[in-house]
Amino acid sequence: MIVTINGQQTTINPPLKLSDCLAKNGYRDMTIAVALNGTFVPKGEHANTALNDGDDIEIVAPMQGG
Amino acid sequence: MKALHIDNTILQSRLFLGTAGYPSPEVLGWAIEAAKPGLLTVSLRRESAAGKGQDFWSIIKGFNIPVLPNTAGCYGVEEAITTAEMAREVFKTNWIKLEVLGDDYTLQPDPFRLLEATEQLISKGFTVFPYMTDDLVLGERLAALGCDILMPWGAPIGSGRGLNNPYALKLLRERMPGETLVVDAGIGAPSHAAAAMEMGYDAVLLNTAIAKATDPVAMAGAFAQTIEAGRAGYLAGIIEPQQSASASTPAIDKPFWHQEN
């Protein structure tokens, strides 16, 4: 199935949880936060959150800001 | 001088410093050391698998200064709320500088969406630092929702114009004496920050004026001094301007004076 990660379409093999997707795409041991289809998903729920075809995942990290 | 408290956190300075736009991470670090700010503003942006945001966060954490994450660039209520929720998890703070913009030319806050987002975020346990225009009624509405801190703009973000509307800013200070008021955005010169502090503002938040200065580190030091001086001047009681001159040297016993018949 195809999901979008930070605006880029990516093919992943189902069934897959959000935590698996993050790990497979290189986001291990990082200070990040995640939104799925525009809704914040707390870190504690990543392992229980199933992904579906067409999901839109935003992964953010600290950055400079004013 | 009495320190500024926010949510039982004692801030070491009334200079709030943005972390964006410096020539290099090293210069950012030196500017922080020179400014000794009370808090640092930070943001969230998309992270790559290479972890480009992780190094920045390591630098900031090393200063052990409270951080204020923002929702910079948000135009909608929902995206601002989601951004705030992500910021709370990443930065482990309930503080959020709430930006909900309404115009992409001036980056003017949208007062209506700002109110809506503020109400929702307060219900979710956030301490909201709303980036707002200098409108008194908006300030009163935000305070009624539970904001103890208001951050009116001095001028559009990054413009360096200073305090565009001193009358409105003074009015906010006079009419809302119990609020923590912070001039946020538009500051260009140290004198602009001093003017805000002399009005009785509790702090000044700036970024571009330091980051884009010819010498950001020297400018950081200049702002630190002027903000402290402005606060001290306000507390000392600034005289009211007068229309006419008033000689400071006593006229009594002036030599060569003779009463005319």
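A:D29 is exposed, with a relative accessible area of 83%. In this predicted model, A:D29 sits in the loop between α1 (18-24) and β3 (33-36) of chain A. Its backbone is a bit of an oddity: A:D29 is not a glycine, and yet it has a positive phi of about 50°.

Go on along chain A to A:N37, in the loop between β3 and β4 (39-41). A:N37 is not a glycine either, and its phi is positive at about 55°. Is A:N37 buried, partly exposed or exposed? With a relative accessible area of 45%, A:N37 counts as partly exposed, because that label covers values from 20% to 50%.

**Two spots in chain B**

Now hop over to chain B. B:T83 belongs to helix α3 of that chain. B:T83 is buried, because its relative accessible area is 15% and the cut-off for buried is under 20%. So who are its neighbours? Setting aside residues up to four places away in sequence, B:T83 touches B:L44, B:N70, B:T71 and B:C74.

B:A224 is found in helix α9 (residues 216-236) of chain B. Is it buried or partly exposed? B:A224 comes out as partly exposed, because its relative accessible area is 22% and buried means under 20%. Apart from neighbours within four places in sequence, B:A224 is in contact with B:L15, B:A34 and B:A35. You can also look for B:A196, which is 28 residues from B:A224 along the chain; the C-alpha atoms of the two are separated by 13 Å.

Here are these four residues together:

| Residue | Where | Relative accessible area |
|---|---|---|
| A:D29 | loop between α1 and β3 of chain A | 83%, exposed |
| A:N37 | loop between β3 and β4 of chain A | 45%, partly exposed |
| B:T83 | helix α3 of chain B | 15%, buried |
| B:A224 | helix α9 of chain B | 22%, partly exposed |

**Chain B as a whole**

Time to zoom out. Chain B has nine helices and ten strands. Of its 261 residues, 51% are buried. Along the principal axes, the C-alpha atoms of chain B fill a box of roughly 95 × 40 × 35 Å. If you take the contacts in chain B with a separation of 6 or more, 66% of them are between residues 24 or more positions apart.

**Strands inside chain B**

Start with strand β10 (residues 203-206) of chain B. B:A203 and B:L205 point one way from this strand, B:V204 and B:L206 point the other way, and all are buried. Which strands does β10(B) pair with? One of them is strand β3 (residues 15-18) of chain B, which runs parallel to β10(B) and is joined to it by three bridges. In that pairing, B:L15 has B:V204 as its bridge partner. You met B:L15 above, as a contact of B:A224. Strand β9 (residues 180-184) of chain B also pairs with β10(B) in the parallel sense, over three bridges. There, B:D184 stands opposite B:L205.

Strand β6 (residues 95-98) of chain B tells a similar story. B:W95 and B:K97 point one way, B:I96 and B:L98 the other way, and all are buried. Four bridges connect β6(B) with strand β7 (residues 127-132) of chain B, and the two run parallel. Within that pair, B:I96 stands opposite B:V128.

**Where the two chains meet**

How many residues does each chain bring to the contact? Chain B brings 30 residues and chain A brings 26 residues. The size of an interface is often given as the accessible area lost when the parts come together. For chain B and chain A, the buried area is about 2,200 Å², with 60% of it on carbon and sulfur atoms. B:R46, B:M86 and B:E89 supply 28% of the area that chain B buries against chain A, more than any other three residues.

B:R46 turns up again in a salt bridge with A:E58, where the closest N and O atoms are 2.7 Å apart. The count of salt bridges between chain B and chain A is one. There are also 16 residue pairs in polar contact across this interface. On the side of chain B that touches chain A, β4 (39-46), α2 (52-61) and α3 (77-91) each supply at least two residues. That side is made up of eleven nonpolar, eleven polar and eight charged residues.

Strand pairing crosses from one chain to the other, too. Strand β5 (residues 56-64) of chain A and β4(B) run antiparallel and are joined by five bridges. In this pairing, A:Q64 stands opposite B:V42.

Note on methods
Residues are numbered from 1 along each chain as its sequence is written. Chains are lettered from A and ligands numbered from 1 in the order in which they are written. This is a predicted model: local features need pLDDT of at least 70, side-chain atom pairs count only at pLDDT 80 or more; totals for chains, interfaces and linings use all residues. Side-chain values use heavy atoms; hydrogens and water are left out. Contact means heavy atoms within 4.5 Å. Buried area is the accessible area (1.4 Å probe) that two parts lose on being put together, summed over both. A salt bridge is a side-chain nitrogen of Lys or Arg within 4 Å of a carboxyl oxygen of Asp or Glu. A polar contact is a pair of N or O atoms within 3.5 Å; within protein, one must be able to donate a hydrogen and the other to accept it, and residues adjacent in sequence count only if both atoms are side-chain atoms. Ala, Val, Leu, Ile, Met, Phe, Trp, Tyr, Cys and Pro count as nonpolar, Asp, Glu, Lys and Arg as charged, and the others, Gly among them, as polar. Two strands pair if DSSP finds at least two bridges between them. Buried means under 20% relative accessible area, exposed over 50%, partly exposed in between (1.4 Å probe, protein chains only).
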